[in-house]
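Hi,

Here is the structure I said I'd pass on. Have a look at it first, and then read my notes below.

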Amino acid sequence: MSARIFLVDDQALVRAGFRMLIDAQGDMEVVGEAGDGRAALEALAITHADLVLMDVRMPELDGVQATEELVARSTVDRPAPKVIVLTTFDLDEYVFAAIRAGASGFLLKDARPEDLLAAVRTVL
């Protein structure tokens with residue numbers, strides 16, 4: 001069974017790149033995507049995902065707030081997906097805020113593709 005991955009980033013080109021990388025893996029599949037945190041929460045209310053790749057800085061609702069709300073929804077019957085927060089900004093404040101919000105990992109967008117895939121597999 002493939003791991004179900006949901007992509008959240010306000011840049012369509014970034015989402016497309018992540019989708020191509022993930023869908024090329026035999027053990028992962030992209031099950032949805034959103035361009036901001038609010039749209040992600042709406043989609044994830046009806047889409048089952050094992051893991052969310054979540055950008056930090058987005059319009060409407062940023063990745064830290066969206067992660068916090070997503071984790072707060074977790075129930076015994078429907079646990080929240082794991083979250084790896086992604087950013088182009090190497091700032092400690094984002095790392096700490098993401099982890100406090102419930103993220104399972106944090107990765108810079110300039111990471112090598114194999115490092116992103118390894119992070120996904122490790123968190124799962």
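A quick term before the rest: two strands pair if DSSP finds at least two bridges between them. Helices (H or I, at least four residues) and strands (E, at least two) are DSSP runs, numbered from the N terminus.

This is a predicted model, where local features need pLDDT of at least 70, side-chain atom pairs count only at pLDDT 80 or more, and totals for chains, interfaces and linings use all residues. Residues are numbered from 1 along each chain as its sequence is written, and side-chain values use heavy atoms, with hydrogens and water left out.

Now the sheet. Its 5 strands form an open sheet in the order E2-E1-E3-E4-E5, with parallel pairing. Strand E2 (28-34) and E5 are the edges, each pairing on one side only.

Strand E3 (residues 51-55) is joined to E4 by 5 bridges, and Asp55 stands opposite Leu86 in E4. On the E5 side, strand E4 (residues 82-87) has 4 bridges, with Leu107 as the bridge partner of Leu86.

Along E5 (residues 105-108) the side chains alternate: Gly105 and Leu107 point to one face and are buried (under 20% relative accessible area, 1.4 Å probe, protein chains only; exposed is over 50%, partly exposed in between). Phe106 and Leu108 point to the other face and are not buried.

One residue to click on is Thr67, in helix H3 (residues 63-72). Thr67 counts as buried because its relative accessibility is 0%. Leaving aside residues up to four places away in sequence, Thr67 touches (heavy atoms within 4.5 Å) Met54, Val83, Val85, Ala101, Gly102 and Ala103.

Cheers
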